[in-house]
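Work through the exercises below on charged side chains that pair. Each task is followed by a solution in steps.

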Amino acid sequence: MAIRIGYFPHNNSLFVLRHRGIVERTLPDVEWVDLRTLPESARVDVKTALPSLHSDWLFTEGGYDVIGTGFTPPVTALANGRDIVYLGISGPRIENGRLVAKAGSGIESAADLKGKRVGIAHGSWQTTLLLFALDQAGLGWADIEPVDTDVNGGTALLNGELDAWVGAYPGLAAIEAAADLHTLVDTESVFSHPSLWFTRRDFAETQPEALRTILAALQESDAWITENPRAAAQYFVDDIIARGGSADLDAWEAALRGRPFGINPVSESFLDEQQHAANLLAANGLLPTTPEIRAAVLPWIGEFVASTRNAPVAG
């Protein structure tokens with residue numbers, strides 16, 4: 001039976017790995033599943049729920065066995081009773097994005113967001129960053145008007161449809177060039193914001209060698225990205241152009257240069273952040289239960305990931 005790996009551009013590591021042919025050296029029958037080609041699920045109410053499609057496809061026929069996402073999806077999965085396990089995390093992506101408003105708008109901090117329209121790509125790290133920022137300001141989810149903009153909320157901020165927006169690079173760079181922005185909350189002040197990878201527990205237990213192959217390949221590919229950021233950026237630009245869009249190679253290269261690559265074992269501080277997010281998301285009515293985050297840790301996976309930290313770089 002083929003091993004299926006999910007990928008999409010938002011997880012830079014898996015997207016590049018898809019193009020590098022490293023996994024195929026050991027798993028020739030691997031299948032790559034582009035998340036953008038899977039049927040879309042109905043949008044959830046941004047005020048009362050979180051989307052769960054990333055974890056749902058781990059348990060759905062035609063889906064995948066391994067996926068990489070932003071900060072929030074594994075918390076959502078666990079709260080929905082999905083039996084997942086963490087595979088690893090990237091370093092902090094504190095320069096990846098931030099919560100901004102237009103300069104001169106009168107919104108100076110997260111405390112000024114009460115009753116305001118705030119754009120997020122709902123369900124990933126943007127939701128958690130915003131909720132953490134609100135909590136620090138003594139506010140909750142019910143105090144704002146959250147708007148699910150996917151990753152393209154910058155234009156809505158510029159034309160006045162939003163009062164604030166959690167933007168990410170490289171898209172945020174275009175908005176910075178078009179208007180003066182005021183940073184309400186940077187990422188570093190609220191959480192570490194790593195990329196992360198997870199799988200089903202049954203896959204980890206029944207396919208440990210395949211899982212080791214995938215993790216080692218990710219490590220090798222990430223080392224290549226660090227040494228070849230412009231070549232890696234070209235994969236993203238080519239994909240966007242092939243889909244009818246336009247993209248700036250320099251902007252993509254700059255974005256990749258600013259991100260940490262390499263897979264690390266899940267740390268106690270990361271698990272604490274995940275548990276804090278789970279507690280807040282549940283308390284604000286976005287999750288049906290409060291999951292026990294550490295139940296999704298398998299020690300042998302962390303030990304293996306640690307052993308791959310010095311993987312050789314393929315040419």
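**Exercise 1.** In this predicted model, decide whether aspartate 65 and arginine 200 are buried or exposed, and find where in the chain each of them lies.

Solution. Step 1: aspartate 65 is buried, and arginine 200 is buried too. Step 2: the two form a salt bridge, with 3.0 Å between the closest N and O atoms. Step 3: aspartate 65 sits in the loop between α2 (53–56) and β3 (66–69), while arginine 200 belongs to strand β10 (residues 196–200). The pair thus links distant parts of the chain, 135 residues apart.

**Exercise 2.** Find which parts of the chain aspartate 163 and arginine 117 tie together, and classify the accessibility of aspartate 163 and of arginine 117.

Solution. Step 1: the closest N and O atoms of this salt bridge are 3.1 Å apart. Step 2: aspartate 163 is in the loop between α5 (154–158) and β8 (164–168) and arginine 117 is in strand β6 (residues 117–120), so the bridge ties together parts 46 residues apart in sequence. Step 3: the relative accessible area of aspartate 163 is 18%, and buried means under 20%, so aspartate 163 is buried. Step 4: arginine 117, at 35% relative accessibility, counts as partly exposed.

**Exercise 3.** Classify the accessibility of arginine 294 and of aspartate 272.

Solution. Step 1: their side chains meet in a salt bridge of 2.8 Å, N to O. Step 2: arginine 294 has 31% relative accessibility and counts as partly exposed. Step 3: aspartate 272, at 44%, also counts as partly exposed.

**Exercise 4.** Which residues are joined into one network by salt bridges that share partners?

Solution. The network consists of Arg230, Asp250, Glu253 and Arg257.

Terms used: Residues numbered from 1 in each chain as written. Predicted model: local features only at pLDDT ≥ 70, side-chain atom pairs only at ≥ 80, totals over all residues. Heavy atoms only, no water. Salt bridge = Lys/Arg side-chain N within 4 Å of Asp/Glu carboxyl O. Helix = DSSP H or I, 4+ residues; strand = E, 2+ residues; numbered from the N terminus. Buried < 20%, exposed > 50% of the residue type's maximum accessible area, 1.4 Å probe, protein only.
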